Amino acid sequence: MKYFKHVNVDSESEKVVSKKLLDYVNSNGYSDKGFWTNVNTHDVLNKVPELAELYKPIGINIKRIAFVTAKEKVGTIHIDDPKTAPAIRINIPVLNCEQTSTNFYVSGKPANETRLPSGIYYYKWDEKDCTLVASTCISRSTLIRTNELHQVCIHTDNMPRITCTIEFYEDLEHLMN
Ligand SMILES: [Fe+2]
């Protein structure tokens with residue numbers, strides 16, 4: 001099984017989108033709620049219209065946007081809340097994503113349920129119970145399976161590391177092939 005796949009979109013437009021998303025994060029309208037922050041998708045798409053266009057050539061349309069802020073060098077191994085997050089999302093880099101890794105694991109042990117300050121549930125595992133099976137860097141738009149165990153690690157002192165994580169109306173499974 002593929003755990004991730006980079007998406008072929010126009011790289012110049014993608015850079016514009018990343019920069020404008022950083023402007024959005026730095027704007028007064030945004031406040032980081034810790035790790036996972038849901039935002040008003042219409043507001044983001046109004047301020048970053050290039051984002052709405054970026055994935056249209058591959059036939060998918062944005063449903064909901066959140067920002068993920070990592071501030072620890074070794075993140076928790078977890079899955080995103082399966083009740084609210086689709087199995088496959090696209091993450092796009094926003095800040096300090098160079099020299100970071102998104103690692104994927106398997107485990108035979110059950111998860112511990114956790115609630116983030118933002119009210120989002122997620123499910124985490126101890127690293128000693130997990131085996132690394134894949135790794136990538138979110139250096140550009142990347143499909144990732146958030147229903148599989150994953151973890152963000154930062155290999156520099158550049159913090160925080162921020163990505164924009166996007167849910168689509170369409171099933172993205174065919175894009176993983
Ligand atoms: Fe996650």
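## Strands E6, E9 and E11

In this predicted model, valine 106 sits across from threonine 131 in E9. That pair belongs to a longer match: E6 and strand E9 (residues 130-136) are joined by 6 bridges and pair in the antiparallel sense.

E6 also pairs with E11. Here again the two strands run antiparallel, with 6 bridges joining them. If you want a residue pair to look for, phenylalanine 104 stands opposite histidine 150 in E11.

## The six-strand sheet

Now for the open sheet. It has 6 strands, ordered E1-E10-E5-E12-E3-E2, and the pairing is antiparallel. Strand E1 (4-6) and strand E2 (36-38) are at the edges; each has a single partner strand, so one side of each has no neighbour in the sheet. From one strand to the next, the twist averages 30°.

At the E1 edge, the pairing of E1 with E10 is antiparallel and covers 3 bridges. Histidine 6 is found opposite threonine 142 in E10. H1 packs on this sheet, where the helix touches E3, E5 and E12, and its direction makes about 75° with that of E5.

## Helix H1 and its two faces

Does the length of H1 agree with what its residue count predicts, or disagree? Helix H1 (residues 11-26) has 16 residues, which at 1.5 Å a residue should span 22 Å; the end C-alpha atoms are 23 Å apart, so the two agree.

Which residues of H1 are buried? They are Val17, Ser18, Leu21, Tyr24 and Val25. Looking down the axis of H1, you find its buried residues within an arc of 120°, so they line one face of the helix. The face turned away from that buried side carries the exposed residues Glu12 and Asn26.

As for what covers the buried residues of H1, the list includes two helices, H2 (41-47) and H3 (49-54), along with strands E3 (62-70), E5 (88-95) and E12 (161-168).

## The nonpolar core

In soluble globular proteins, nonpolar side chains tend to be buried together. Here, the largest nonpolar core has 35 residues, and those touching the most other members are Leu21, Phe67, Val68, Val94 and Cys164. Several elements give two or more residues to this core: H1, H3, E3, E5, strand E6 (100-107), strand E10 (142-145), strand E11 (149-154) and E12. The largest share comes from E3, with 5 residues.

Cysteine 164 is a handy place to start if you want to explore the core by eye. Once its neighbours within four places in sequence are left aside, cysteine 164 is in contact with Leu21, Ile65, Phe67, Asn91, Ile92 and Val94.

## Backbone oddities in the loops

A few loop residues deserve a look at their torsions. In the loop between E11 and E12 you find proline 160. The peptide bond leading from methionine 159 to proline 160 is cis, and its omega is near -10°.

The loop between E5 and E6 holds asparagine 96, which is not a glycine but has a positive phi of about 55°. Asparagine 96 counts as partly exposed because it has 18 C-beta neighbours inside 10 Å, and 20 would be needed to call a residue buried.

Glutamine 99 is also found in the loop between E5 and E6. The phi of glutamine 99 is near 55°, a positive value in a residue other than glycine. With 13 other C-beta atoms within 10 Å, glutamine 99 is partly exposed.

Technical notes. Residues numbered from 1 in each chain as written. Predicted model: local features only at pLDDT ≥ 70, side-chain atom pairs only at ≥ 80, totals over all residues. Helix = DSSP H or I, 4+ residues; strand = E, 2+ residues; numbered from the N terminus. Expected span 1.5 Å × (residues − 1). Buried ≥ 20, exposed ≤ 12 C-beta atoms within 10 Å, placed from the backbone. Arc of directions from axis to C-beta. Contact = placed C-beta atoms within 7 Å. Core = buried A, V, L, I, M, F, W, Y, C linked by C-beta atoms within 7 Å. Pairing = 2+ DSSP bridges. Axes fitted to C-alpha atoms, helices over the stretch in contact; angles between N-to-C directions.
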